[in-house]
Amino acid sequence: MKAVLCTKISAFSAFALAVGLARAETTGGGPVERVARALSPEFRQIRSRLDELEGQLEKLPALVPRPLAWRYGFRSRTVLDPEEPHWLQIDLQREETIDRIAVVPAHIPTLGKAGEGYGFPRRFKIETGNDPDMKDAVAVVDHTASDFPHPGRYPADFRIEPAVTGRYVRFTSTRHFPIDEGFIWALEELMVLSGNRSVANWRPVTSSNSLEMFPNWSAARVQDGQSALGLPVTAEPSPTPGYLSALTADHFESKWLHVDLGGEHAIDEIRLVPIQSGSHETLGERSFPRAWALELAEDPAFERTVWQHQSPATNLVGYPGDCAVIVPCDGNRGRHLRFVALQLWGTQDRYGYGLAEIQAYAGDDNVALGRPVTASDQAETGNAGTPAFATNGFSSRHRLIEIPGYLDLLSRRNILERERDRLLARYGRKLRVTGLMLGYGGGALGTLGVLGSLWLLTRQRQIRRQSVVMLREQIARDLHDDIGSNLGGIVLLSEIGGRHSADPQSRADFQAIKEAADEASESMMDIVWLIHRGGSGLRELVARMRQSSQVMLGDKELAMDVEPADFKDRQLSLLFRRHVFFAFKETLNNVRKHADAERIETHIRVDASRLTFSVRDDGIGFDPQAAQSQGRGLGNLQRRAARLKGTCRIESRPCHGSVVTFSAPLKS
């Protein structure tokens, strides 16, 4: 009996040791790593190289970390034959010298890792020529003999040496990307570089097979300058956010920014770099005006204007986000460039606009760089938003550089990240081997049996978990492709119908349909996010709450803060994320529909064991007891809090605004 008991105790001790070592391994420290460092010179070399790589990556720019609304790029319709050639062609409208082509993969963040490089063709070729039917085609890139390595989020970058000339550029997919229903191929952007400029921007596009689901997917998206590449920058920080105008109570008040180019130049392209800011106390990214115009003239009074351009009347193009707005100027000559904001962005009586940088390219040179700037007014922020910052060579965050140099930096980052990933895999394997050596060294056959049983249980759980993940991904794809396509079509048709209808009532009906479809699309994307990213972390939840408040209350004065700003990330259950996120949206929706508020303040607090959010408004207020019976969703907030073993407190009285405080333990 004593021998049996001793055997069990020995087995249990060895098992406890193995569990402790495994925990230390997952943190990257502890006894396992210390032993590995002491015993293995190779392990020390890997750790040293990983530290070097992290230091080098900090000095390189990164891709845009978030989606640009729902602007994905070009996608073909579904076909059944994976090797039936299909193409997309850009008419450069004149013969150009082409020395580089960058193909930016499509990125759908809601699909997680599967959304990186979504639909990128397995095999393809790129041709140039001067005949629209490509009878004189010259292949400058040919990957039709074998599969091209999947690029993930990084561009497939091809230098054309020696450079070629041509008017037409055709991308042909010869082996497509598999999906459940068949095969497709997709691209976010096709950049055709001649020197420092992409000469494909806003040029006519044709294709043999295109899914037109604007604004999500369209052939017109493939050369609009909007992609996950973002702005061409270095990692050097910017000293200023850029130029900010004074605020006004009239959002139709015209404001201008004037650049003296120092001499007459033939301007090929103008780039407008928007303000980038995460602050909700300023206009932030939404400071880019709703409507604007550009003028080029020979004289400073703009009496002899040689060229004009006005922003599109429809807002389907959306805001530029982290990308520049690129406007072709086609060689018009002038010395004076003026940007005019025709409709400002803001809330209530606080309207204005901002511009981080304005660039004017004559060939490969930005002739606006460092040139004197004047403006109709500027923000009352001392020297923080003066007009001179609009030509200082910086975005709101980093130093601007030319596109070829930026592509070189991204290529370098891609190489370093791949090396880091390979080393991390080796690092993890060596940690596991060392842990096994230490953990099993004092074990006996009984311990091996226990560990074998544990492995089988863990393996079964992994298989079940993988099945759930696959089901989530399938549901997310079905919702995104089918319902998202229909809702996008409804939005487009209602906007077109409202624009062409002469009857005011019909226009109002079309607007109501568009708003309902927009709300349904937003809700559907939230559900796709929750389903697909079932194990996401606390930081992603807070970021999603911040983004939702911007979208839902974009026309209100909004103040939002997170305390502490550098809270520690942690994994959250799907149940917790679903109830907290939808409780937050229900609260904002109630404020938007019922409060008639001018200012809304949201506060999110994260501590070691709880997440708490509060929403305060200065609206008309209400009687909470009476509101329960009026169906304003207050009872639903209480039920969500109870489901998470948390609390929901609602404070309000007529004419004195309201405060909703929702709190739940993070282990719910």
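Okay, let's start with holes: there are six cavities of 30 Å³ or more in this chain. This is a predicted model, by the way. The largest cavity holds about 240 Å³ of space. What lines it? The lining of the largest cavity takes in 18 residues, and lying nearest its centre are Met191, Gly230, Pro232, Ile326 and Ile403. If you want to find that spot by secondary structure, look at β11 (189-194), β16 (255-273) and α4 (403-441), since each of them supplies at least two lining residues.

Stepping back to the whole chain for a moment. We have ten helices and 31 strands. Of the 668 residues, 49% count as buried. And if you take the contacts with a separation of 6 or more, 80% of them are between residues 24 or more positions apart.

Now, the cores. The largest nonpolar core has 37 residues, and the ones with the most contacts inside it are Phe576, Val580, Phe613 and Phe662. Quite a list of elements feeds it: α7, β27 (557-563), α8 (574-595), β28 (599-606), β29 (610-617), α10 (634-643), β30 (647-652) and β31 (658-665) each put in at least two residues. Which of them gives the most? That's α8, with eight residues.

Click on Phe613 if you have the structure open. Leaving out residues up to four places away in sequence, Phe613 touches Met545, Val580, Ala583, Phe584, Thr587, His603, Ile604, Val660, Thr661 and Phe662.

Apart from that core there's another one, of 30 residues, and Ile267, Val325, Leu344 and Ile358 are among them. Let me stay with Ile358. Ile358 sits in strand β23 (residues 357-362), and its relative accessible area is 0%, so it counts as buried. Who does it touch? Beyond its neighbours within four places in sequence, Ile358 is in contact with Leu257, Val259, Ile270, Arg271, Leu272, Leu294, Leu337, Phe339, Ala368, Ala390 and Thr391. Then there's Pro274: 84 residues from Ile358 in sequence, but 9.0 Å away in space, C-alpha to C-alpha.

Back to the helices. Helix α7 runs over residues 538-552, which is 15 residues, and at 1.5 Å a residue it should span 21 Å; the end C-alpha atoms are indeed 21 Å apart. Buried in α7 we find Leu538, Leu541, Val542, Arg544, Met545, Ser548, Ser549 and Met552. Looking down the axis of α7, those buried residues fall within an arc of 160°, so they line one face of the helix. The general point is that an α-helix has 3.6 residues a turn, so residues three or four places apart point the same way.

In α10, the buried set is Leu634, Gly635, Leu637, Arg640 and Ala641.

Last, some backbone oddities. Two residues that aren't glycine have a positive phi of about 60°: Phe302 and Lys645. Are they buried or exposed? Phe302, in the loop between β17 (291-297) and β18 (305-310), has 8% relative accessibility, so it counts as buried. Lys645, in the loop between α10 and β30, is at 74%, so it counts as exposed.

And where are the cis prolines? The peptide bond from Glu161 to Pro162 is cis, with omega near -5°, and Pro162 lies in strand β7 (residues 156-175). The bond from Glu563 to Pro564 is cis too, with omega near -10°, and Pro564 is in the loop between β27 and α8.

Key: Residues numbered from 1 in each chain as written. Predicted model: local features only at pLDDT ≥ 70, side-chain atom pairs only at ≥ 80, totals over all residues. Heavy atoms only, no water. Helix = DSSP H or I, 4+ residues; strand = E, 2+ residues; numbered from the N terminus. Expected span 1.5 Å × (residues − 1). Buried < 20%, exposed > 50% of the residue type's maximum accessible area, 1.4 Å probe, protein only. Arc of directions from axis to C-beta. Core = buried A, V, L, I, M, F, W, Y, C linked by side-chain atoms within 4.5 Å. Contact = heavy atoms within 4.5 Å. 1 Å grid on protein atoms, 1.4 Å probe; cavity = no way out; pocket = protein on both sides within 12 Å on 5 of 7 lines; lining within 4 Å. Points joined across faces, edges and corners; volume = space filled by probe spheres on them.
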